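Trainee: I would like a close look at a single part of this structure, namely its salt bridges. Could you take me through them with care, one pair after another?

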Amino acid sequence: MTATDEKADGDGPTIEAYYLESRTFPPPDGFTDEALIGDDGIYAQAEDWQAFWAEQAKALDWYKPWDTVLEWDLPFAKWFVGGKLNVSYNCLDRHVAAGRGDRVAFHWEGEPGDTRTITYEQLLDEVQRFANVLKSLDVARGDRVAIYMPMVPELAVAMLACTRIGAAHSVVFGGFSADALKDRINDASAKVLVTADGGFRRGAPSLLKPAVDVALEDTPSIDHVVVVRRTDSDVSMTEGRDQWWHDLMSASDLPAECEPEQMDAEDLLYLLYTSGTTAKPKGIMHTTGGYLTQVAFTHKYVFDLHEDRDVYWCAADIGWVTGHSYIVYGPLANGATSVMYEGAPDTPDKDRWWSMIEKYGVTILYCAPTAIRTFMKWGLRYPEAHDLSSLRVLGTVGEPINPEAWVWYWQNIGGGRCPVVDTWWQTETGAIMISALPGVTTLKPGSATFPLPGIGAEVVDESGQRVTLGGGYLTLTQPWPSMLRGIYGDPERYQSTYWSRFEGRYFAGDGAKLDDEGYLWLLGRVDDVMNVSGHRISTTEVESALVDHPTVAEAAVVGAKDATTGQAIIAFVTLKADAEADESHGEDLREYVANKIGKFGRPKTIVFTDDLPKTRSGKIMRRLLKDVAEGRDLGDTTTLADASVVEEIKRRSTVNPSEE
Ligand code: PRX
């Protein structure tokens, strides 16, 4: 049996009981008066949802208006058909043309403390130059460009430059391994790779270029590599393939201007790979007009952005969808001033975020529950040492937030005066789908509250019947502008993954519960996707990495509840005869997975076992393993071939926890 075998009989989704918090938090005094949306009239306005989205699309600049708002051939959507626009124009030129060129687009801070202040005019200048660099490297409209970078401004410049010339980018998070980078480059047949020597992380350079060199041993489509010098580390440059960013950008014959391409609303804007339930990541396709419409709308209204005075900080990495939509495209389309930070929250000390909020006068903070739980653990003295009174809206994303963390955030970071918007969405949805509106919604800690105006979301039971009270599966009932248009090169998989489980509905993969006031409570994934510190990774990916190791006979991976990271990766491993089941070998296997996938995929614990619990038909019973990993009493094990296996694993898993 291999890691990609089907899941066990009767091992279907489980919906866990969830504690429904009873405290409620109406919008704070005075907030509603100043809010962009101060009453719930917008929900009624959005009942004609196609007309509503068409209205929102008018906030962008179009070269040519669309002929049709939506063509819907379930499950294939086309939004704003016939419309033409350019994303970089909307994010840059139009703000400069309106006299806002000297507004700061990014207050960027490197981990060592170096800073750069980049205005809209400067960003436009850099983007045009880099667009011309890409052209000089033979990148044309319709090509794909891979980007593998730390959190430096050049990352945003490279993305915007792609959009300017109509090339699609595929950003690969800098924490991914060489192998993962190679697979993504090959799947997309990217022509050019934009990268850096490395970035700073926890006080030292963390190099990227060595991984690039390994990945590129086997990427026939890549012709050129552009390397940003960030750390001044000694990295190797391959003659004829690799060139320095600064050399290309300062070439005397490089034109300063680059006319934006007039793109169709449905032209591919980018690919972003995400984990599904198999070992092969999916290249999620996002297109131009609908995506920009929804990220701009949600960024403005979910965070109540007053772009002339707010200082907004999304503390995610651009390598994930949160950074694409809410560091780059949403904020820039809205002409916002953002903070962008390169490094770790505890460098040089555990108050780094709070000192930056004080320094830049941040008014809106958007981060993941994992970060909040980590700050809770570190203690109040870090935020208390700083003036956080500039803050007025707080957001969370990426995983369910437990009420304790929500209330801690509200009280200690927001000072009891900032609404906390818990935003539910996915790489596939492109933009926020379920969230409070801060000037309107009475909040309940732990609930993402309601679908946004223009969005249809419902909970259904096993048979696809709508549930109006209680638990079930989260589905989306109608197309939305920023929805994925498919999986790159695999239309079948798009249909079967998202649109087959419940007829006519998009199945998100999440469990959800509705309370008696219609509030939505997200319960986490009901499939084999884990969520570790807000990072999405499938059990099968980790299993595949493990069984690839020469000593491993079989592996089963589960995500177990973890107080800080939400879930932790626990791997049950059976070794081939002769291999030593000791701690040092467990360590080797953890490293092996980190090298295959990336550090965030490293199992927290490896449990060696002589056998894995299987049904009589030979399928691994992962649900039992999850029970063991979470220390629960075991339920019915009657279908188990050899019940003693579980007892044995239970015994071992308490004696062999290889803690991080
Ligand atoms: O399980 C849900 C969880 O994150 C998944 C999507 O992961 P990804 O594509 O990496 O995008 C993360 C950032 C948008 C979802 O299927 N998730 C995301 N936001 C929330 C959430 N779970 C509960 N509450 C949220 N606010």
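**Salt bridges and their surroundings**

Mentor: Lys58 counts as exposed, because its relative accessibility is 54%, and in this predicted model its side chain meets that of Glu55 in a salt bridge with an N to O distance of 3.3 Å. Glu55 itself, at 46% relative accessibility, counts as partly exposed, since that value does not pass the 50% above which a residue is called exposed. This pair belongs to a total of 41 salt bridges in the structure.

A second pair is formed by Glu266 and Arg485, whose closest N and O atoms are 2.9 Å apart. The two residues come from distant parts of the chain, 219 residues apart, with Glu266 in the loop between strand E13 (263-264) and E14, and Arg485 in the loop between strand E23 (470-476) and E24. Glu266 is partly exposed at 22% relative accessibility, whereas Arg485, with a relative accessible area of 11%, is buried; the cut-off that separates these two classes is 20%.

The strands that follow these two loops, E14 and E24, both belong to an open sheet of 8 strands with mixed pairing, in the order E12-E11-E8-E6-E7-E14-E15-E24. Strand E24 (486-487) is an edge strand of that sheet, as is strand E12 (242-244), and each of them pairs on one side only. Strand E14 (residues 268-274), for its part, pairs with strand E7 (residues 168-171) in the parallel sense over 2 bridges, and within that pairing Leu271 is the bridge partner of Ser170.

A third pair joins Asp548 and Lys596, whose side chains meet in a salt bridge at 2.9 Å, N to O. This contact too links distant parts of the chain, 48 residues apart, for Asp548 lies in the loop between helix H17 (539-547) and strand E29 (552-562), while Lys596 lies in helix H18. Both residues are partly exposed, Asp548 with a relative accessible area of 40% and Lys596 at 25% relative accessibility. The pair is also part of a network of salt bridges that links Asp179, Lys182, Asp548 and Lys596.

Helix H18 (583-596) is preceded by a loop from strand E30 (566-575), and Glu580 lies in that loop. Glu580 is exposed, with a relative accessible area of 53%, and together with Asp582, Glu583 and Asp588 it gathers in a patch of negative charge on the surface.

Terms used. Residues numbered from 1 in each chain as written. Predicted model: local features only at pLDDT ≥ 70, side-chain atom pairs only at ≥ 80, totals over all residues. Heavy atoms only, no water. Pairing = 2+ DSSP bridges. Helix = DSSP H or I, 4+ residues; strand = E, 2+ residues; numbered from the N terminus. Patch = residues over 30% accessible without salt bridge, like charges linked within 9 Å, V, L, I, M, F, W, Y side chains within 5 Å. Areas by Shrake-Rupley, 256 points an atom, 1.4 Å probe, with all protein chains shown as cover. Salt bridge = Lys/Arg side-chain N within 4 Å of Asp/Glu carboxyl O. Lys, Arg positive; Asp, Glu negative; His and termini not counted. Charge placed at Lys NZ, Arg CZ, Asp CG, Glu CD. Buried < 20%, exposed > 50% of the residue type's maximum accessible area, 1.4 Å probe, protein only.
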